[in-house]
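Please open the structure in a viewer and keep the selection panel at hand. The tour below proceeds from one selection to the next.

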Amino acid sequence: MIELRTPAEIEAMRPAGRFVADVLTRLESEIAVGVDLLDLDRIAHQMIRERGAESCYIDYHPSFGAMPFGKVLCTSVNDAVLHGLPHAYKIKDGDVVSVDFAASVDGWVADSALTVIAGTKDPEDVRIIETTRKALEAGISEAKVGNKIGDISAAIGDVCAAEGYSVNLDFGGHGVGRTMHGDPHVANDGRRGRGLKMKAGLVIAIEPWLLRTTDELYTDPDGWTLRSADGSRGAHSEHTVAITPDGPVILTQRSV
Ligand code: MG
């Protein structure tokens, strides 16, 4: 079901967006060689407690999950790209680390993700991260009243294709509101002019992610972490965006 938010409700979603942005800003500054993924989860958990927010992940237990997620953050390193379950692992020089964080403040959810490199940067890792960022920007620029969801998908897919990446359509963006995952699905490639026509008040997470040399995933034995089929590295960029008469509003925008 597609739910539309009133202008007052979109205003009420801003604190959640700001909180999620603040947590990611903090995590971005903490990611470094030698830092443990569990430390990143602890930092996010502490910020949740201090803010009186609620984690969207800790009790998350969809039908495909063997058990509740149990952590507040997704940490996906190198060939892991989505849904990474934090575990005891110290970040190494050159690691590509994606963090995806969703939390609820005052009953409203925001969801955002970023990817950073710890230490020495491989130019191909820089390129794939930059491509997901550019694809996210391109997708957001199409998140306008009267456009179709397919316009967002096509804009994302075009940026990825221009850089020579192939896009997986199994996991993509989604509606965001009182819960983390709602309709519509926002695929990371598609056809212009197709799909739901966007109206003011639609709030969606847009989240391009890519793998260097494949578009196939497999699930790690931990039951959650999604890894590339060929061991190649990935990247992920995500924002929660409100469609308004004045254009797209990025609720999870980090200050620069
Ligand atoms: Mg997310």
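Which residue of β13 is the bridge partner of isoleucine 204? Select isoleucine 204 and look across to β13: the partner is valine 241. The model in view is a predicted one.

Now widen the selection to the two strands. Strand β8 covers residues 203-206 and runs antiparallel to β13, with four bridges joining the pair.

Next, select β13 by itself, residues 239-244. Six of its six residues are buried, and the strand is mostly covered. Colouring the two faces separately is instructive: His239, Val241 and Ile243 lie on one side, while Thr240, Ala242 and Thr244 lie on the other. Both faces are covered, and the residues named on each are all buried. Valine 241, the partner of isoleucine 204, is thus to be found among the buried residues of β13.

Continue along the chain to β14, residues 247-250. A hairpin of two residues connects β13 to β14. These strands are antiparallel and are joined by four bridges. Select threonine 244 to find one such pairing: its bridge partner in β14 is glycine 247.

Finally, move to helix α3, residues 123-141. At its start, select aspartate 122, where a side-chain oxygen comes to within 2.7 Å of the backbone nitrogen of glutamate 124. Then place a distance label between the end C-alpha atoms of α3: they are 27 Å apart, which agrees with the 27 Å that 19 residues should span at 1.5 Å a residue. To finish, highlight the buried residues of the helix, among them Ile128, Ile129, Thr132, Ala135, Leu136 and Gly139.

Notes
Residues numbered from 1 in each chain as written. Predicted model: local features only at pLDDT ≥ 70, side-chain atom pairs only at ≥ 80, totals over all residues. Heavy atoms only, no water. Buried < 20%, exposed > 50% of the residue type's maximum accessible area, 1.4 Å probe, protein only. Pairing = 2+ DSSP bridges. Expected span 1.5 Å × (residues − 1). Polar contact = N/O pair within 3.5 Å; in protein donor to acceptor, adjacent residues only side chain to side chain.
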